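Hi,

Here is the structure I said I would pass on. Have a look at it first, then read my notes underneath.

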Amino acid sequence: MEKRKFWSYENKLVALFFFSVGFVFFDRLAINYLIPFIQKDFTLTNTQIGLIGSALAITWAISGPLGGYLSDKVKSKKALLAFFVLGFSLVSLMHGLASSFATLFVLRLIMGIVEGPITPITQSILAVESSEKRRGFNMGLTMNTGNAIFGSFLAPLVIVALANVFDWHTAFYLTIIPGIILAIFIMKTLRNPQVMDKAINTSAAPNKKAGVKEVFKHRNMWLSIIIFSFFLIYVMSFNIFGPVFLVNAKGMSPGEMSLVMAAFGAGFAIFGILVPILSDRIGRKQASLIFGILSGFTPLVLIYMDSMALILVLVFLFSAGMGVGSLVMSTIPAETVPVQYAGVAVGLVIGIGELFGGFLNPMLSGMAADKWGLAAPLIISSSAAFLAFAFSLFLRETAPVKVLVNKEVDIVV
């Protein structure tokens, strides 16, 4: 791995995955900001809005672990990744052709199949190719900041603006272009990592004889699954029902709503990289605890604050909790299990988290909104964030800087 040149292979990889993951979440979250427009055309209930979110999540929950497992087995990870990037770009374009709730629901199911494997593939490659002192930074930049800038910051501004100028169908038609460009760069830039030739300092060393069941022998894996499930409940409830709540309950215009969601995205983009960087120095667990508790306050701001300026400031600040996402989703699992199982470990955390947080939660949150009002999903979102923080108390540290220190202390003793 090149060390002296800025444009080293490691940096090329981070840049490529930054855009790849960012584009995935741009497409995934775009529909949330278009819901106020789609709801008028299709006369959607809150339960149906939840079902649209759940459709993608259930197939993502299945394809994520399978994609992670497949990426650990195939010879050409770059061809596999390029295939899925092109696939979800094409399906995203087809969203613009939807003329009914049923069509949209089916397209979301298909979207989850082709999007699910992308994160496990990219994060497992980064776990192997990253230098030890930059693993948290690399994974945080691609998973958090890429997600935030494209999915949570640019998407509400760009998508809502396009829908206002044209219509919501038009917003989906342009997604095929960046997908083709990314697929080309993946095939030209990415090289297939030689996993067993890599020696990384984590809490679990490579083990050729271990089976996939090795993944579930570690307490951190179970905790990561639980924490990420609650984390995803928080995120999905906030992203799906936050825009609807602001427009329908708070009386904001779509433009004002997009500013609030963009403030959340801007904070996510900044803290999404600062928190992983800090975790490289103070440890994954400490960073998770310090910032994780802030997430619980974000949905409460939408419910109880009326000043637009105050809402923007507080949503931005409390979005710092989003920086914990990549730690529990990919960094901690990848550093916990033998390195050759990083893909399936990340895939399992994402898949099971999607099952509870992405599939069951939007449906139940939608039902709660129909029965008790649009504030109900935001209360669910806040409660889940506080539960994720509570379970983080039981994590075992995996950051190389902390693991190496602990090993040195044991040797001295």
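Below are some notes on its hollows and on one surface patch.

This is a predicted model, where local features need pLDDT of at least 70 and side-chain atom pairs count only at pLDDT 80 or more, while totals for chains, interfaces and linings use all residues. Residues are numbered from 1 along each chain as its sequence is written, and side-chain values use heavy atoms, with hydrogens and water left out.

Let's start inside. There are three cavities of 30 Å³ or more (on a 1 Å grid over the protein atoms alone, a cavity is a set of points where a 1.4 Å probe fits but cannot get out; a pocket is an open set with protein on both sides within 12 Å along at least five of seven lines; lining residues have an atom within 4 Å of a point). The largest cavity is about 240 Å³ (a volume is the space filled by probe spheres set on the points, which are joined across faces, edges and corners). It has 22 lining residues, with Phe25, Met143, Asn147, Phe228 and Leu232 closest to its centre. Helix α9 (219-249) gives the most, six residues (helices are DSSP runs of H or I, at least four residues, numbered from the N terminus).

Now the second largest pocket, at about 230 Å³. Its 13 lining residues include Phe23, Phe26 and Phe150, among those nearest its centre. Helix α6 supplies the largest share, five residues.

Outside, Leu90, Met94, Leu97, Tyr173 and Leu174 make a nonpolar surface patch of about 460 Å² (patch residues have over 30% relative accessible area and no salt bridge; like charges are joined within 9 Å, nonpolar side chains (Val, Leu, Ile, Met, Phe, Trp, Tyr) within 5 Å; areas come from the Shrake-Rupley method with a 1.4 Å probe, and for residues only the protein chains shown count as cover; a salt bridge is a side-chain nitrogen of Lys or Arg within 4 Å of a carboxyl oxygen of Asp or Glu).

Cheers

Definitions and conventions:
Helix = DSSP H or I, 4+ residues; strand = E, 2+ residues; numbered from the N terminus.
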